[in-house]
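Grab a pencil and open the viewer. Below are some short exercises, each with a solution worked out in steps.

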Amino acid sequence: GQPALDKLITALRAPDHNTRQGAAYVLGRMKDPKAVPALIAVLKDTVYDVKGEAIDALGAIPDPRAVDALMEATKYEGYIQLTAIALGKQKDKRAVDLLIKIFQTKRYPWTAWALGEIGDRKAVPPIMECYKTGQPYTKTELLEALGKLGGPGVIELLLKELNDPTW
């Protein structure tokens, strides 16, 4: 309820980083949009795990403010994949162009996963291109994303892969 929510929001400013991290974790599980502004403020935390937990929590709370903050948080180099996952959970099409740009420059497989979760077919061409030239370790994530997105050429590629004896 509200008293617990207020205490958890206050705990996000605690001196102890484990308390801040735990509060962010619980707030993410509560999924209350009232926590979004406080979680956004935590994105400035200097402790890696605290900031990461805030990113994860923002991904769990359906709120346009969370999406805006997550899109901005992609600038934090050590958090790009975690932020991409959080944006994928949000399923907000406003993040598609940014995720495609990140995917094309970084080739992070979880960015492809996020694009598959959002479901905008404009992500199919860059994922197909990466699949054709990418590393084997990304193959599963790319095929999963393409399977969710569908579109021209995707079914044929998936059927070809199913028949590949090296899988």
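## Exercise 1: A salt bridge across the chain

Lys-148 counts as partly exposed, with a relative accessibility of 39%. Keep in mind that this is a predicted model.

**Task.** Find out which side chain meets Lys-148 in a salt bridge, and where the two partners sit.

**Solution.**
- Step 1: Look for the partner. The side chain of Lys-148 meets that of Glu-117, at 2.1 Å from N to O.
- Step 2: Place both residues. This pair links distant parts of the chain: Glu-117 belongs to helix α8 and Lys-148 to helix α10, 31 residues apart.
- Step 3: Check the cover on the partner. Glu-117 has a relative accessible area of 19%; the cut-off for buried is under 20%, so Glu-117 is buried.
- Step 4: Widen the view. Lys-91, Glu-117, Glu-144 and Lys-148 are linked in a network of salt bridges.
- Step 5: Recall the general idea. Side chains of opposite charge can pair when their charged atoms come close.

## Exercise 2: Two more bridges

**Task.** The count comes to 13 salt bridges. Take the one that Lys-75 forms with Glu-72 and say whether each partner is buried, partly exposed or exposed.

**Solution.**
- Step 1: Read the distance. The closest N and O atoms of Lys-75 and Glu-72 are 2.9 Å apart.
- Step 2: Take Lys-75. Its relative accessible area is 53%, and exposed means over 50%, so Lys-75 is exposed.
- Step 3: Take Glu-72. At 46%, Glu-72 is partly exposed.
- Step 4: Try another bridge. Arg-94 and Asp-92 meet at 3.1 Å, N to O, and Arg-94 is partly exposed at 41%.

## Exercise 3: Tyrosine rings

**Task.** The structure holds three aromatic pairs. Work out how the rings of Tyr-48 and Tyr-79 are arranged.

**Solution.**
- Step 1: Use the numbers. The ring centres of Tyr-48 and Tyr-79 are 4.6 Å apart, with 25° between the planes; planes under 30 degrees apart count as stacked, so this pair is stacked.
- Step 2: Locate the rings. Tyr-48 is in helix α4 (residues 48–60), while Tyr-79 is in the loop between α5 (64–73) and α6 (80–90), and the pair links distant parts of the chain.
- Step 3: Add another ring. Tyr-76 and Tyr-79 make an edge-to-face pair, 6.3 Å centre to centre with 80° between the planes.
- Step 4: Compare the cover. Tyr-79 is buried at 8%, whereas Tyr-48 is partly exposed at 47% and Tyr-76 is partly exposed at 23%.
- Step 5: Put it together. Tyr-48, Tyr-76 and Tyr-79 form one aromatic cluster.

## Exercise 4: Inside and outside helix α2

**Task.** Arg-20 and Val-26 both belong to helix α2. Decide whether each one is buried or partly exposed.

**Solution.**
- Step 1: Start with Arg-20. Its relative accessibility is 10%, so Arg-20 counts as buried.
- Step 2: See what covers that spot. Arg-20 touches residues including Leu-12, Pro-15, Asp-45 and Val-50.
- Step 3: Go to Val-26. At 33%, Val-26 is partly exposed.
- Step 4: Look around Val-26. Together with Tyr-25 and Met-30, Val-26 forms a nonpolar surface patch with about 240 Å² of accessible area.
- Step 5: Turn to the inside. The largest nonpolar core has 52 residues, and Leu-27 is among those with the most contacts inside it. Leu-27 touches, among others, Leu-5, Ile-9, Leu-39 and Ile-61.

Note on methods: Residues are numbered from 1 along each chain as its sequence is written. This is a predicted model: local features need pLDDT of at least 70, side-chain atom pairs count only at pLDDT 80 or more; totals for chains, interfaces and linings use all residues. Side-chain values use heavy atoms; hydrogens and water are left out. Helices (H or I, at least four residues) and strands (E, at least two) are DSSP runs, numbered from the N terminus. Buried means under 20% relative accessible area, exposed over 50%, partly exposed in between (1.4 Å probe, protein chains only). Contact means heavy atoms within 4.5 Å. Patches are made of residues with over 30% relative accessible area and no salt bridge: like charges are joined within 9 Å, nonpolar side chains (Val, Leu, Ile, Met, Phe, Trp, Tyr) within 5 Å. Accessible areas come from the Shrake-Rupley method with a 1.4 Å probe; for residues, only the protein chains shown count as cover. A salt bridge is a side-chain nitrogen of Lys or Arg within 4 Å of a carboxyl oxygen of Asp or Glu. A nonpolar core is a set of buried Ala, Val, Leu, Ile, Met, Phe, Trp, Tyr and Cys residues joined through side-chain atoms within 4.5 Å. Rings of Phe, Tyr and Trp (its six-membered ring) pair if their centres lie within 6.5 Å; planes under 30 degrees apart count as stacked, over 60 as edge-to-face and the rest as tilted. Lists of a residue's contacts leave out its neighbours within four places in sequence.
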